[in-house]
Each structure stands twice: as C-alpha cells, then as structure tokens.
Amino acid sequence: MASSDESQQTEATATIDTKVHSDSKGIGKFTDVKVDGLNADHATKGKTVFDSKCSACHRVDETKVVGPGLKGVTKRRTPEWIMNMITNPAEMTQKDPVAKALLAEHLTQMTFQNVSDDETRQILEFLRKNDL
C-alpha cells in the first residue's frame with residue numbers, strides 16, 4: 001500500500017501536462033545556462049553526439065520511439081532542465097515533477113549515456129537548431 005506522501009506525489013505527477021512549457025530547471029549541476037545566438041559549430045557536433053548516444057531512443061520530430069520525440073523540446077523546457085535530464089536522468093525522474101510525469105507516460109527509465117558537459121551543451125545547441 002502506498003504511503004500518503006507517495007499517493008500525493010503520484011497524484012501531483014498525474015496532473016502535469018508534459019506537452020506544455022515548464023520553467024523548471026530540473027535537478028543537477030546546471031543551474032544557470034546562458035543561451036544567446038545559436039552556436040552552429042556546437043549544433044553540428046551535437047548532431048553527431050545525438051546520433052551516436054540518443055537516437056536509439058529519441059527522434060527529433062514528434063515520433064515516440066522508446067522516449068518522447070524531441071521536436072519543440074527547447075520551447076517546452078529550459079536549457080538547464082534539458083542539460084540536467086541528459087546528465088542526471090535517474091535523479092531527475094525520481095525528484096523532478098516533469099521528469100517523473102514523462103517516466104509515467106513512457107514507462108522506460110532514461111539512462112545516462114556517459115555524455116560530457118561539453119557534449120551536453122552541444123546536444124542542447126543541436127536541439128535548439130532543430131526547433132528553429
């Protein structure tokens with residue numbers, strides 16, 4: 001039987017619409033990410049990293065594979081949230097309400113793909129370019 005806290009958390013997660021914008025920065029080391037103009041070099045490198053480490057579970061359109069399609073993700077999530085989800089998926093899906101709701105929808109725990117901080121930023125730029 002679920003505890004009262006677990007029931008309240010499950011109920012709160014069920015009310016989160018994962019398709020709308022959230023201002024959450026998520027949970028992890030990225031607390032203040034500055035994004036100005038698109039860094040085309042990083043976006044190109046980010047595509048290479050994405051193709052090798054992310055594309056088995058994610059597409060950059062709206063197609064769900066294992067995880068959600070990522071078209072529009074930079075419009076729905078903050079840069080910090082995206083980078084924390086890439087580098088800290090287990091804690092994010094345990095503690096961040098949006099990540100918990102996504103796990104409840106997709107039923108598969110995202111795994112850390114041994115992505116460096118620089119690669120994470122490159123993936124963010126690639127996703128930003130994809131959303132232009």
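## Helix α2, the nonpolar core and the salt bridges

N39 caps the N-terminal end of α2, with one of its side-chain oxygens placed 3.1 Å from the backbone nitrogen of D41. This value, like the others in this report, is computed from a predicted model.

The helix that begins here, α2, is made of 14 residues, and the distance from its first C-alpha to its last is 20 Å, close to the 20 Å expected at 1.5 Å a residue. Its buried residues are A43, G46, V49 and F50. Because these residues cover an arc of only 120° around the axis, they lie on the same side of α2. In general, an α-helix has 3.6 residues a turn, so residues three or four places apart point the same way. The face turned away from the buried side of α2 carries the exposed residues T44, T48 and S52, while the cover over the buried residues of α2 includes α7.

One of the buried residues of α2, F50, also appears in the largest nonpolar core, which has 21 residues and in which F50, W81, I82, I123 and L127 touch the most other members. At least two residues of this core are supplied by each of α2 (40-53), α4 (79-87), α6 (97-106) and α7 (117-130), and the largest share, 5 residues, comes from α4. L127 shows how such a residue is surrounded: leaving aside residues up to four places away in sequence, L127 touches F50, V60, L70, V73, T74 and I82. In soluble globular proteins, nonpolar side chains tend to be buried together.

Charged side chains form another set of contacts, and the count of salt bridges comes to 10. Three of them are set out below, each with the distance between nitrogen and oxygen.

| Salt bridge | N to O distance |
|---|---|
| K25 and E80 | 4.0 Å |
| D117 and K29 | 2.8 Å |
| D41 and K45 | 3.2 Å |

The pair of K25 and E80 links distant parts of the chain, since K25 sits in the loop between α1 (4-14) and α2 whereas E80 belongs to helix α4, 55 residues apart. The surroundings of these two partners can be compared with the cut-off in mind that a residue under 20% relative accessible area is buried. K25, with a relative accessible area of 38%, is partly exposed, whereas E80, with a relative accessible area of 5%, is buried.

The salt bridge between D117 and K29 also starts from the loop between α1 and α2, where K29 lies, and because D117 lies in helix α7, the pair ties together parts that are 88 residues apart in sequence. At 34% relative accessibility D117 counts as partly exposed, and K29, at 55% relative accessibility, counts as exposed.

The salt bridge between D41 and K45 brings the account back to helix α2, where these two residues, being 4 residues apart, are separated by about one helical turn. Both partners count as partly exposed, D41 at 45% relative accessibility and K45 at 39%. D41 is also the residue whose backbone nitrogen lies 3.1 Å from the side-chain oxygen of N39 in the cap of α2. Elsewhere, R121, E125 and R128 are linked in a network of salt bridges.

Note on methods
Residues are numbered from 1 along each chain as its sequence is written. This is a predicted model: local features need pLDDT of at least 70, side-chain atom pairs count only at pLDDT 80 or more; totals for chains, interfaces and linings use all residues. Side-chain values use heavy atoms; hydrogens and water are left out. A nonpolar core is a set of buried Ala, Val, Leu, Ile, Met, Phe, Trp, Tyr and Cys residues joined through side-chain atoms within 4.5 Å. Buried means under 20% relative accessible area, exposed over 50%, partly exposed in between (1.4 Å probe, protein chains only). Contact means heavy atoms within 4.5 Å. The expected span of a helix is 1.5 Å times one less than its number of residues. The arc is that of the directions from the helix axis to the C-beta atoms. A polar contact is a pair of N or O atoms within 3.5 Å; within protein, one must be able to donate a hydrogen and the other to accept it, and residues adjacent in sequence count only if both atoms are side-chain atoms.
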